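Student: I am new to this structure and would like to know how its labels are earned. Could we go through a few of them?

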Amino acid sequence: MDNMGIIEALLYTAGDEGLEEKQLIEILDIDNVALDNLISSYYSTGLTIQKFGSTYILTSKKEAASYIEQLIEQKANMKLSQAAMETLSIIAYNQPLTRSDIELIRGINSDGAVRTLIARGLIEAKDVESSRSHLLQTTDLFLNVFGIEKIEDLPTTEEDEEEMEDFFSNLVNQKGDSK
């Protein structure tokens with residue numbers, strides 16, 4: 001089996017979590033340039049390899065999006081409430097921050113929304129040595145769900161307010177209940 005087949009098999013096996021760039025380099029015993037060349041030359045009719053942060057994930061092509069959206073809409077457990085989406089957007093744009101920070105911004109207790117987002121793997125809590133608080137931040141899965149490589153690719157409030165609203169409302173329409 002060639003390296004392309006090995007990458008495909010590894011990423012398929014890793015699933016939604018994907019594999020870190022350094023893991024692929026070590027397993028295949030190649031350098032960054034060779035890995036980049038393999039990734040860029042990957043071809044499949046329904047799948048593609050995407051990079052989110054430093055993680056590579058085998059995912060479906062954009063052309064399949066409408067079919068996948070139908071599947072997601074059928075899965076009630078994939079839905080996020082409006083409160084969870086608001087909390088997620090606050091964390092995405094202000095991370096890292098504490099639960100208290102979120103409460104100050106939203107004006108309401110958001111513990112339930114935070115627990116939901118942690119359970120879905122979209123955010124994680126990091127311990128802070130000098131404090132009893134946890135700092136909340138988005139995960140690589142968040143990047144994957146939103147289809148962006150790094151958090152800086154989120155639409156900015158100053159320049160793209162309409163784009164930002166569309167971005168989150170589209171996700172609510174796909175993943176949650178916008179009513």
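**Labels and their cut-offs**

Tutor: Asp 153 and Lys 150 form a salt bridge through their side chains, at 3.2 Å from N to O. This is a predicted model, in which local features need pLDDT of at least 70, side-chain atom pairs count only at pLDDT 80 or more, and totals for chains, interfaces and linings use all residues. Residues are numbered from 1 along each chain as its sequence is written, and side-chain values use heavy atoms, with hydrogens and water left out.

Student: Why is the pair of Asp 153 and Lys 150 called a salt bridge?

Tutor: The term requires a side-chain nitrogen of Lys or Arg within 4 Å of a carboxyl oxygen of Asp or Glu. Asp 153 and Lys 150 meet at 3.2 Å, N to O, so the pair satisfies that rule. The count by this rule is five salt bridges.

Student: What makes Asp 153 buried or exposed?

Tutor: Buried means under 20% relative accessible area, exposed over 50%, and partly exposed in between (1.4 Å probe, protein chains only). Asp 153 has 36% relative accessibility, so it counts as partly exposed. Lys 150, at 40%, also counts as partly exposed.

Student: What is the distance in the salt bridge of Glu 21 with Lys 51?

Tutor: The closest N and O atoms of Glu 21 and Lys 51 are 3.7 Å apart. The two residues lie 30 residues apart in the chain, Glu 21 in helix H2 (residues 21–28) and Lys 51 in strand E2 (residues 47–52); helices (H or I, at least four residues) and strands (E, at least two) are DSSP runs, numbered from the N terminus.

Student: Why is Glu 21 called buried?

Tutor: Its relative accessibility is 18%, so Glu 21 counts as buried. Lys 51, at 28%, counts as partly exposed.
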